[in-house]
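User: I have a structure open and I am new to this. Could you show me how to read its features, step by step?

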Amino acid sequence: MISLRLIFFIFLSTVTFSQSKTNLQLFYESVDSVVDSISKELNFTKQPVQLNLNLGLEYSLFSNSIYNSLQENGINFSENRSSGLSEIIVNIVLEKCEVDYGEPFKDGLFGSYFLQRNIRLSGNYSVRDFDFRLKQFSILKSDTVAVDEIKKLENPSFPFTEGKVPEESFFSGITEPLIAVGSAAIAVILFFSIRSK
C-alpha cells in the first residue's frame, strides 16, 4: 500500500512541476531581463532616477513590475524634480510583445501534438546621466508546448499573449486512423489464415 502512495506522489509531482509557464509569465521574465540590464548601466547609483515609461495602453500592466524590480536592484526614484541633486533620466519604450507558434509535430506515432513557442519582447531604453546612451533590445524565449495546452497558456484579457496556431496538415491527421485500421485488418487476416491451417 505504501508503494502505491509513493508512486501516486511521484506522478503528482511530475504533473505539477512539468506544467509550462504562461505566455504572460514569460513576458514578465523578459521585462525583468531588461530591468537587470538597466540596473547594470546605473551600477547601483545613489543619485535619484527619473523614470519615464512609454509602454502604451497595451503594455501598461508591466509598469508596476518595472518600478518594483528597479527598487529591488537598489535604484531610488526622484520625487521632487527641483531637488538640486543631479538627476539621472531613464526612458523605457516597449515596442512589441508577440507570440509565434511553429508547425505542430507528433511525439511518436500515437503521441500528442506539440509545437515550438516563441515569445519576443522588443523595444529600447535610454540612460541620460553624464552622457546619453540608447540601447535596443529584443529578447526571445523559445520552448516546446503541447497543442492542447495553448488555451491555458494564453490570456484573452491581454491580446498580445495570443498567437496564431498553424493548422494541422490533412495527411498527418488521417495517418493515425489509417495505420490503426490497417493494423486491425492485418491482424484479422493473420488470425484467419493461421487458424485455417
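Analyst: Let's go from the whole chain to single residues. This is a predicted model, in which local features need pLDDT of at least 70 and side-chain atom pairs count only at pLDDT 80 or more, while totals for chains, interfaces and linings use all residues. Residues are numbered from 1 along each chain as its sequence is written, and side-chain values use heavy atoms, with hydrogens and water left out.

User: Where do I start? How many helices and strands are there in the protein chain?

Analyst: Helices (H or I, at least four residues) and strands (E, at least two) are DSSP runs, numbered from the N terminus. Here the protein chain has 5 helices and 5 strands. Along the sequence they follow the pattern α-α-β-α-β-β-β-β-α-α.

User: What does "buried" mean, and what share of the residues is buried?

Analyst: Buried means under 20% relative accessible area, exposed means over 50%, and partly exposed lies in between (1.4 Å probe, protein chains only). Of the 197 residues in the protein chain, 30% are buried. As for the accessible surface of the chain, it comes to about 13,100 Å², and 59% of that belongs to carbon and sulfur atoms. Such areas come from the Shrake-Rupley method with a 1.4 Å probe; for residues, only the protein chains shown count as cover.

User: Can we look at one helix closely? Which residues of α2 are buried?

Analyst: Helix α2 covers residues 23-42. Its buried residues are N23, L24, L26, F27, S30, V31, V34, V35, I38, S39, E41 and L42. The cover over them includes β1, α3, β2, β4, β5 and α4. You can also check the helix with a ruler: the expected span is 1.5 Å times one less than the number of residues. For the 20 residues of α2 that gives 28 Å, and the end C-alpha atoms are 29 Å apart, which agrees. Just after α2 comes N43, whose phi is positive, near 50 degrees.

User: How do I read contacts? What does N23 touch?

Analyst: Contact means heavy atoms within 4.5 Å. Leaving aside neighbours within four places in sequence, N23 is in contact with V99, Y101, R117, I119, L153, E154 and T161. N23 counts as buried because its relative accessible area is 0%.

Now turn to I119, in strand β4 (residues 113-128). I119 is also buried, at 0% relative accessibility. Outside the residues up to four places away in sequence, I119 touches N23, L26, F27, E98, V99, I139, L140 and K141. Another way to look is by distance: I119 and D143 are 24 residues apart in sequence and 9.0 Å apart in space, C-alpha to C-alpha. For the protein chain, 71% of the contacts with a separation of 6 or more are between residues 24 or more positions apart.

User: What is a nonpolar core, and which element gives the most to the largest one?

Analyst: A nonpolar core is a set of buried Ala, Val, Leu, Ile, Met, Phe, Trp, Tyr and Cys residues joined through side-chain atoms within 4.5 Å. The largest one has 35 residues, and I38, L42, F62, I66, V90 and F160 have the most contacts inside it. Two or more residues come from each of α2, β1 (49-54), α3 (63-72), β2 (88-101), β4, β5 (132-146) and α4 (150-153). The most come from α2, with 8 residues. For L42, the contacts beyond four places in sequence are V49, I75, I88, V90 and V127.

User: And the charged residues? Which ones pair with R133?

Analyst: Side chains of opposite charge can pair when their charged atoms come close. A salt bridge is a side-chain nitrogen of Lys or Arg within 4 Å of a carboxyl oxygen of Asp or Glu. By this rule the count is 7. R133 and E41 meet in one of them, at 2.7 Å from N to O. This pair links distant parts of the chain, with R133 in strand β5 and E41 in helix α2, 92 residues apart. R133 also forms a salt bridge with D129, the closest N and O atoms being 3.0 Å apart. R133 counts as buried, at 19% relative accessibility, whereas D129 is partly exposed, at 26%. A network of salt bridges links E41, D129, D131, R133 and K135.
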